Amino acid sequence: MIIIKSAKEIEMMRRPGRIVGEVLAEVSEKVKVGVTTQELDALAEELILRRGAKPAFKGYRGYPSTLCTSVNEEVVHGIPSRRKLREGDILSIDLGVFSQGYYGDAAVTLPVGNISKEAQGLIESTKRSLYKGIEAAVAGNRLYDVSFAVQKQAEGDGYSVVRDFVGHGIGTSLHEEPQVPNYGSPGKGPLLKVGMVLAIEPMINMKGYDVRVTGDDWTVVTVDGSLSAHFEHTVAIGSNGAVILTSI
Ligand code: MF3
Ligand code: CO
């Protein structure tokens, strides 16, 4: 069952959403050559606690950190560590926040110093695919119109869409129904209605779409070692289209 939120509930979701956006913006400014992903994680946690909110991922199924920091061929769920960022890396930062009984969830992929044209192209296409998905998240459309919009952009640009991980409904739980795949057939899937809140999160690979989980039981990497990018927003379906709750 897909939970419909009242206007009041969506107002409540603005706070965790705003905190996600603010913290991602501040952490993004610190992404530079030589910084460790652990340092970024500590900063994110401090900023969240200072706002009287809680990191949503820390402790979720035993996940150890506030951020997911996924570098280069890492797709999602990279664990912050003493790894220093290097010139030419791309870094995906995913952040969830809990506040006022509700969750917000968003992700961005950023360049570290100067990056290749190829890497820049992948980042731009992934971001564009997210916004195409958001544009399709309107009442009266069907869920897989969103999925198809993401897929069309990413595959049209020559990239591939990760199959094994998906976006999700979000509210008083981090993950609610429905699952939001980043590929699908237009005109199919559940009818989208005003009051649905979705975390749309394309994970797009430079080469093949196959991924695997590494030995730490969290980090997801591309099987072929090619680069991967990830963008995410939490959006509420309103009567005038989707409203981004996690604006950066
Ligand atoms: N944005 C991801 C998701 O919605 C991040 C989850 S990380 C986890 O699944 F640690 F919480 F699992
Ligand atoms: Co998510």
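In this predicted model, the second largest pocket holds about 190 Å³ of space. It is lined by 15 residues, and those closest to its centre are Val 108, Leu 110, Lys 127, Phe 231 and Ile 248. Strand β5 (102–111) puts in the largest share of that lining, at 5 residues. Helices α1 (7–29) and α3 (117–136) join β5 in supplying at least two residues each. Sorted by class, the lining of the second largest pocket comes out as 10 nonpolar, 3 polar and 2 charged residues.

The largest pocket comes to about 480 Å³. Its lining counts 24 residues, with Tyr 60, His 77, Val 166, His 168 and His 175 closest to the centre. Two elements, β7 (167–169) and β8 (176–180), give two or more residues to this lining, and β8 has the largest share with 4. As for chemistry, the lining of the largest pocket splits into 11 nonpolar, 6 polar and 7 charged residues. Strand β8 also carries a backbone oddity: Pro 178 sits in this strand, and the peptide bond between Glu 177 and Pro 178 is cis, with omega at about 0 degrees.

His 168, one of the residues closest to the centre of the largest pocket, turns up again at the metal. The cobalt ion (ligand 2) is held by Asp 105 through OD, His 168 through NE2, and Glu 201 and Glu 232 through OE, at distances of 2.1 to 2.3 Å. Along the chain these donors are spaced as D-x62-H-x32-E-x30-E. The two glutamates bring distant parts of the chain together: Glu 201 belongs to the loop between β9 (197–200) and β10 (203–205), Glu 232 belongs to the loop between β13 (228–230) and β14 (233–238), and 31 residues separate the pair. Both Glu 201 and Glu 232 are buried.

What about the geometry of the cobalt site? There are 6 donor atoms, the angles among them run from 67 to 172 degrees, and the site is classed as irregular. For reference, the ideal angles for six octahedral donors are 90 or 180 degrees.

Turning to the strands, β4 (residues 90–99) has several partners. Of its 10 residues, 9 are buried, so the strand is largely enclosed by the rest of the structure. Strand β1 (residues 54–55) runs antiparallel to β4 and is joined to it by 2 bridges, with Lys 54 facing Phe 98. Strand β2 (residues 67–71) is also antiparallel to β4, this time over 5 bridges, and here Cys 68 lies opposite Asp 94. The pairing of β4 with β5 is antiparallel too and spans 10 bridges; Ile 90 stands across from Pro 111 in that pair. The same β5 is the strand that gives the second largest pocket 5 of its lining residues.

Strands β4 and β5 form a hairpin with 2 residues between them. Gln 100 is in this loop, and its phi is positive at about 55 degrees although the residue is not a glycine. Gln 100 is partly exposed, with a relative accessible area of 41%. A second non-glycine residue with positive phi is Asp 217, at about 70 degrees. Asp 217 lies in the loop between β11 (211–213) and β12 (220–222) and is exposed, with a relative accessible area of 63%.

Another hairpin links β14 to β15 through 2 residues. Strand β15 covers residues 241–244 and pairs with β14 in the antiparallel sense over 4 bridges. Within this pair, Gly 238 faces Gly 241. Strand β14 also borders the loop that holds Glu 232, one of the cobalt ligands.

Finally, there is an open sheet of 3 strands, ordered β6-β10-β13 and paired antiparallel. Strands β6 (160–161) and β13 are its edges, each pairing on one side only. Between β6 and β10 there are 2 bridges in the antiparallel sense, and Ser 160 stands opposite Asn 205. This sheet also connects back to the metal site: β10 flanks the loop of Glu 201, while β13 flanks the loop of Glu 232.

Definitions and conventions. Residues are numbered from 1 along each chain as its sequence is written. Chains are lettered from A and ligands numbered from 1 in the order in which they are written. This is a predicted model: local features need pLDDT of at least 70, side-chain atom pairs count only at pLDDT 80 or more; totals for chains, interfaces and linings use all residues. Side-chain values use heavy atoms; hydrogens and water are left out. On a 1 Å grid over the protein atoms alone, a cavity is a set of points where a 1.4 Å probe fits but cannot get out, and a pocket is an open set with protein on both sides within 12 Å along at least five of seven lines; lining residues have an atom within 4 Å of a point. Grid points are joined across faces, edges and corners, and a volume is the space filled by probe spheres set on the points. Ala, Val, Leu, Ile, Met, Phe, Trp, Tyr, Cys and Pro count as nonpolar, Asp, Glu, Lys and Arg as charged, and the others, Gly among them, as polar. Donors are N, O and S atoms within 2.8 Å of the metal (3.2 Å for Na, K and Ca); water is not among the atoms, so sites may look incomplete. Four donors count as tetrahedral if all angles lie between 85 and 135 degrees; four count as square planar and six as octahedral if opposite donors are over 155 degrees apart and all others between 65 and 115; anything else is irregular. Buried means under 20% relative accessible area, exposed over 50%, partly exposed in between (1.4 Å probe, protein chains only). Two strands pair if DSSP finds at least two bridges between them.
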